[in-house]
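This report describes a single protein structure for readers working at the bench. The sequence and the structure are shown first, and the description follows.

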Amino acid sequence: MTLNFWRMCAANLLLFASVYMLFPLLPFVMVQQLGISVSHTGDMFLVFALALLVVGPFHAHLVDEYKRKRVLLYSVFVMLAAMLGYTFVDSYAHLLLLAFVQGACFGLAATAGITVAIDITTSARRSAGNLVYALASRLGMLIGAGLGIVFYQLYGFRMVVYLSVAAGVFSMFFFASRVYVAFRAPIGLSWCNIDRFLLLRAWLPSLNMLLIAFVPGVLLPLLFVGDYMALAALVVLTVLAIPFTKIFIKLPQHCQRGTANTTCHLSMEVGILIGLAVSCKLMDRVLLYHAASVAALLALFCFILLAYHYYKKKRVR
């Protein structure tokens with residue numbers, strides 16, 4: 001694996017750290033800033049998840065028509081501007097708008113990053129590259145959530161936002177922007193295309209991954225009140241990133257390993273975001289642990305009884 005690939009991994013780690021610094025804080029800070037209920041702040045995570053899904057079908061056309069690295073860089077900078085807007089937001093409608101912009105740009109950036117990382121890796125090493133790149137994103141998620149809480153306790157929300165934006169800028173200027181990506185002529189993909197976005201053959205592992213990711217998602221806001229069990233759940237999710245990514249990249253029937261990685265990433269993100277939204281709606285520690293336990297058991301049974309057998313039957317590699 002080349003220096004360019006490791007630069008992309010570092011950029012990916014910092015990108016995810018930048019996003020996840022704010023997730024445990026936003027439900028409570030927005031209550032103080034906007035005077036709305038915690039339940040209402042949960043809507044922003046559902047809007048974020050919706051934005052991830054809405055922009056996905058347009059990604060293939062964008063990275064085919066324009067330079068892949070530019071799609072990555074421009075998406076991140078718009079996303080960072082939206083994140084900076086959380087310090088100035090003054091209404092519930094504006095909060096949802098910022099969440100939609102952030103989610104859409106994060107979806108484009110994460111998917112473009114996977115595309116770039118795979119394109120600069122030799123064909124023989126692409127499966128291993130997918131695993132390492134996926135691990136970098138999960139480590140960034142874990143580091144970001146932990147740093148966000150620590151810096152909030154020390155310096156307050158505004159400083160966490162500045163640190164988050166700085167991490168995103170650093171990831172792009174010092175890592176992603178220095179990656180050389182060879183020119184590739186456009187092949188004329190349609191405007192709406194699920195190629196490089198969604199692997200339909202992986203629908204059952206995707207459901208399984210969503211249930212697993214729901215567990216740390218529903219516990220994440222508890223970090224704000226000093227309950228750090230969510231970090232343990234994030235560690236488990238990070239550990240599971242490699243074997244589950246391996247399952248996904250063995251399912252494509254042709255050269256769709258990047259699409260498989262994107263599908264795995266999307267399942268994790270949607271699961272975490274749904275968990276965050278449910279957490280905001282319940283806002284009771286006992287109920288949250290109950291929801292996390294039920295989701296963990298369902299995920300285990302889904303894997304043992306359904307997903308693993310499906311994978312054994314459908315795997316290609």
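## Aromatic pairs

Tyr 20 and Phe 23 are both buried. In this predicted model, their ring centres lie 4.8 Å apart with the planes at 70°, so the pair is edge-to-face. An angle over 60 degrees is what places a pair in that class.

A second pair, Phe 77 with Phe 173, is tilted: the centres are 5.5 Å apart and the planes meet at 40°. This pair links distant parts of the chain, since Phe 77 belongs to helix H4 (residues 68-84) and Phe 173 to helix H7 (residues 157-173), with the two positions 96 residues apart. Phe 77 is partly exposed, its relative accessible area being 31%. In total, the structure holds 16 aromatic pairs.

## The aromatic cluster and Val 19

Tyr 20 and Phe 23 also belong to one aromatic cluster, whose other members are Phe 16, Phe 45, Phe 48 and Phe 106.

Two members of this cluster, Phe 48 and Phe 106, are in contact with Val 19. Val 19 is part of helix H1 (residues 3-20). With a relative accessible area of 0%, Val 19 counts as buried, because the cut-off for burial is under 20%. Once neighbours within four places in sequence are set aside, the contacts of Val 19 also include Met 79, Met 83, Gln 102 and Ser 164. Met 83 is 64 residues from Val 19 along the chain, yet the C-alpha atoms of the two are separated by 8.3 Å.

## Overall fold

The protein has 11 helices and zero strands. Its pattern along the sequence is accordingly α-α-α-α-α-α-α-α-α-α-α.

For 317 residues, a compact globule would have a radius of gyration near 20 Å, and the value of 19 Å for the protein agrees with this. Along the principal axes, the C-alpha atoms fill a box of roughly 50 × 45 × 35 Å. Of the contacts with a separation of 6 or more, 87% are between residues 24 or more positions apart.

## Burial, surface and charge

Of the 317 residues, 57% count as buried. The accessible surface comes to about 13100 Å², and carbon and sulfur atoms account for 71% of that area.

The protein carries 23 positive and 9 negative side chains. The centres of these two sets lie 15 Å apart.

Terms used
Residues are numbered from 1 along each chain as its sequence is written. This is a predicted model: local features need pLDDT of at least 70, side-chain atom pairs count only at pLDDT 80 or more; totals for chains, interfaces and linings use all residues. Side-chain values use heavy atoms; hydrogens and water are left out. Helices (H or I, at least four residues) and strands (E, at least two) are DSSP runs, numbered from the N terminus. The radius of gyration is taken over C-alpha atoms; the globule rule is 2.2 Å times the number of residues to the power 0.38. Buried means under 20% relative accessible area, exposed over 50%, partly exposed in between (1.4 Å probe, protein chains only). Contact means heavy atoms within 4.5 Å. Accessible areas come from the Shrake-Rupley method with a 1.4 Å probe; for residues, only the protein chains shown count as cover. Lys and Arg count as positive and Asp and Glu as negative; His and the chain ends are not counted. The place of a charge is taken as NZ of Lys, CZ of Arg, CG of Asp or CD of Glu. Rings of Phe, Tyr and Trp (its six-membered ring) pair if their centres lie within 6.5 Å; planes under 30 degrees apart count as stacked, over 60 as edge-to-face and the rest as tilted.
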